[in-house]
Amino acid sequence: MGSSIKISLFEIDLATGKKLSEERSIWGGTRGIYPEGPHMYKRNRWYYSMVSEGGTHDGHMITMARSRDIWGPYDPCPNNPILTARGTNEYIQYTGHCDAFQDETRQWWGVCLGVRKDKGGRFVMERETFLTRGNWDGEWLSFEPVRSRIENLTPKDEFAAFSAFTGVGYLYMRDANFTNYDIGRGSLITFILSPVDLSHPETSPTFTGKRQRKLLGQSSVSVRCLTGNLDAEKLKFGLACYKDEHRYVRIFYDATDPAIVFELINNAKRISQKERHKLGNVPIDLHLRMEYTEKEYRFLYKVGNKSDAIWTCLAVTDTLNMTNPDFVGPVIGIFATATTNNLKVEFQDFSAD
């Protein structure tokens, strides 16, 4: 069944953005659902409209039509779709939302969205940006299938130019109360706690993190000198891999009865898992680590300040438990919560791949 959605066109004032004409529907795609994200190109006196359709998952594709008059009518490309991974076993799936450009050597390229999806149905990083070669074969543009398998590289300091700005790259939930955060130039991050936890549907918890950038990587953080008021009521702090208030997985310190806790919540899949290791005493130093591959998340901890202290694996979970047809990937970060207001927790050496 085709879509009733159409690609529409109207004229605007480039200086003000004011609408200067009535909207006119120019093309409805190739009967795939949700034709959207149009791009317009002019080549050899033809106007080419390139759109996404078929939804953003299994049926995602790029199609094209052209007209001598920008207002239409538009005739579809006989080779549509000009880019798709639907119906294939390619590692990179859901390709769509493409833009075309030409480099300095006059080679055409397409930059598009897609996911790295393994045979088990895992696409941990959700939608990412991919580059594929394009070609004008006579009168129409076409793209090579996106087949490149991405390797984990040692990243350069891509934020070096922003080193003068503290906290660049950190993300927060909803309307964060930034008075609860002190992200210094060194390795210290201080949180002022609130009772809001990760599961709250509206209010922003005390949490900050970065998007997961590697399939093969790790994140870690330390909290030292756990003394005094860190036995406050319902105090929890630790590392979390967060999608939304319905889906997250984390390892944290629970001060109520000193323990390290693993918790996985995915309400959409009706998954609720918890593992608890009692510590007996409040540790002086605590180190938490999360290791990840394409197939699993591994959660570890160690206590004490000795460099040769042994890491204990608390839990391992399949990344499939956190895989859903989302638009963006997870955020890995640190959080803290307690029913005692204005309590501070100092994290050290937080890192996230």
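**Strands S16 and S17 and their surroundings**

Reader: How many residues lie between S16 and S17 in their hairpin?

Author: In this predicted model, local features need pLDDT of at least 70 and side-chain atom pairs 80 or more, while totals for chains, interfaces and linings use all residues. Numbering starts from 1 along each chain as its sequence is written, and side-chain values use heavy atoms, without hydrogens and water. S16 and S17, strands being DSSP E runs of at least two residues numbered from the N terminus, form a hairpin, and the number of residues between them is two.

Reader: Over how many bridges do S16 and strand S23 pair?

Author: S16 covers residues 236-244, and with S17 (residues 247-254) S16 pairs in the antiparallel sense over eight bridges (pairing needs at least two DSSP bridges), with Tyr-248 of S17 as the partner of Tyr-242. S16 also pairs with S23 (residues 331-337), where Ile-334 is the bridge partner of Leu-239. This second pairing is antiparallel too, and its number of bridges is seven.

Reader: Why is S16 described as largely enclosed by the rest of the structure?

Author: The description rests on burial, which means under 20% relative accessible area with a 1.4 Å probe, protein chains only. S16 is largely enclosed because the number of its nine residues that are buried is nine.

Reader: Which strands are the edge strands of the open sheet of seven strands?

Author: The open sheet runs in the order S12-S13-S24-S15-S20-S21-S22 with antiparallel pairing. Inside that order, S15 (residues 217-224) and S20 (residues 285-292) pair over eight bridges, and Asp-285 of S20 is the bridge partner of Arg-224. The edge strands, each pairing on one side only, are S12 (181-183) and S22 (312-318).

Note on methods: Buried < 20%, exposed > 50% of the residue type's maximum accessible area, 1.4 Å probe, protein only. Helix = DSSP H or I, 4+ residues; strand = E, 2+ residues; numbered from the N terminus.
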